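Here are some short exercises to help you find your way around a new structure. Try each task on your own, then follow the worked solution step by step.

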Amino acid sequence: MKSRSAKHLHTNSDVGVYDCEVRLRFRLIEEKQALGDRDHLLEMLLDAFVCGADDYLEPVEVEVDAQEISEVDASPEMRRQLIRLRNSSDLA
């Protein structure tokens with residue numbers, strides 16, 4: 001999964017690595033066959049949740065936790081990206 005969050009960094013050159021956990025529980029009215037495509041299911045559910053509560057979606061529980069972790073606990077790919085971000089002129 002590619003993150004678009006790096007594109008949204010403004011002038012803050014102090015970036016870090018975060019361990020994030022999101023727990024969403026909601027009720028959704030949807031066509032039964034739409035929930036059968038497992039590859040598309042998560043994307044569809046998140047899109048529905050982002051649109052907000054309406055007659056077809058009822059939030060039940062939302063928990064979000066984000067904690068900064070040590071850079072050494074990140075994967076080598078994430079550490080390389082972190083170095084690129086810190087060296088980027090866009091963040092200066």
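**Exercise 1. Find where Y56 sits, and decide whether Y56 is buried, partly exposed or exposed.**

Solution. This is a predicted model, so keep in mind that every value below is computed from predicted coordinates.
- Step 1: Go to the loop between helix 1 and strand 2, where Y56 has its place.
- Step 2: Take its relative accessible area, which is 54%.
- Step 3: Exposed means over 50%, so Y56 counts as exposed.
- Step 4: Look for a partner from elsewhere in the sequence. E30 is 26 residues away along the chain, and the C-alpha atoms of Y56 and E30 are separated by 7.6 Å.

**Exercise 2. Work out the order of the helices and strands from the N terminus on.**

Solution.
- Step 1: Count the elements: the chain has two helices and two strands.
- Step 2: Read them from the N terminus on, and the pattern is β-α-β-α.
- Step 3: Put residue ranges on them. Strand 1 covers 17-28 and strand 2 covers 57-69, helix 1 takes in residues 38-51, and helix 2 spans 76-87.
- Step 4: Add a note on burial: of the 92 residues in the chain, 13% are buried.

**Exercise 3. Classify the aromatic pair of F26 and F49, and say which parts the pair ties together.**

Solution.
- Step 1: The count of aromatic pairs comes to one.
- Step 2: The ring centres of F26 and F49 lie 5.1 Å apart, and their planes stand at 40°.
- Step 3: Planes under 30 degrees apart would be stacked and planes over 60 edge-to-face, so the pair of F26 and F49, at 40°, is tilted.
- Step 4: F26 belongs to strand 1 and F49 to helix 1, so the pair ties together parts that are 23 residues apart in sequence.
- Step 5: Now look around F49. P59 is ten residues from F49 in sequence, and their C-alpha atoms are 8.0 Å apart in space. P59 has its place in strand 2 and is partly exposed, at 41% relative accessibility.

**Exercise 4. Go through salt bridges of the structure, and find where the residues of each pair lie.**

Solution.
- Step 1: The structure holds four salt bridges. Three of them are treated here, beginning with R23 and E61, whose side chains meet at 3.2 Å, N to O.
- Step 2: R23 is in strand 1 and E61 in strand 2, 38 residues apart, so this pair links distant parts of the chain. Both residues are partly exposed: R23 has a relative accessible area of 42%, and E61 has 22%.
- Step 3: Next take E71 and R86, whose closest N and O atoms are 2.7 Å apart. E71 is in the loop between strand 2 and helix 2, while R86 is in helix 2, 15 residues apart. E71 is partly exposed at 33%, and R86 is partly exposed at 35%.
- Step 4: Finish with E77 and R80, a salt bridge at 4.0 Å, N to O. Both lie in helix 2, three residues apart, which is about one turn of the helix. R80 is partly exposed, with a relative accessible area of 44%.

**Exercise 5. Name the residues of the nonpolar surface patch, and check the exposure of V22 and V64.**

Solution.
- Step 1: The patch is made by V22, V62 and V64 and has an area of about 290 Å².
- Step 2: V22 is in strand 1 and is exposed, with a relative accessible area of 54%.
- Step 3: V64 is found in strand 2 and is also exposed, at 63%.

**Exercise 6. Find the residues of the negative surface patch, and the elements that give two or more of them.**

Solution.
- Step 1: D19, E21, E63 and D65 form the patch.
- Step 2: The elements that give two or more residues to it are strand 1 and strand 2. D19, for one, has its place in strand 1.
- Step 3: To connect this with the previous exercise, compare E63 with V22: they are 41 residues apart in sequence, and their C-alpha atoms are 5.8 Å apart in space.

Notes:
Residues are numbered from 1 along each chain as its sequence is written. This is a predicted model: local features need pLDDT of at least 70, side-chain atom pairs count only at pLDDT 80 or more; totals for chains, interfaces and linings use all residues. Side-chain values use heavy atoms; hydrogens and water are left out. Patches are made of residues with over 30% relative accessible area and no salt bridge: like charges are joined within 9 Å, nonpolar side chains (Val, Leu, Ile, Met, Phe, Trp, Tyr) within 5 Å. Accessible areas come from the Shrake-Rupley method with a 1.4 Å probe; for residues, only the protein chains shown count as cover. Lys and Arg count as positive and Asp and Glu as negative; His and the chain ends are not counted. The place of a charge is taken as NZ of Lys, CZ of Arg, CG of Asp or CD of Glu. Helices (H or I, at least four residues) and strands (E, at least two) are DSSP runs, numbered from the N terminus. Rings of Phe, Tyr and Trp (its six-membered ring) pair if their centres lie within 6.5 Å; planes under 30 degrees apart count as stacked, over 60 as edge-to-face and the rest as tilted. Buried means under 20% relative accessible area, exposed over 50%, partly exposed in between (1.4 Å probe, protein chains only).
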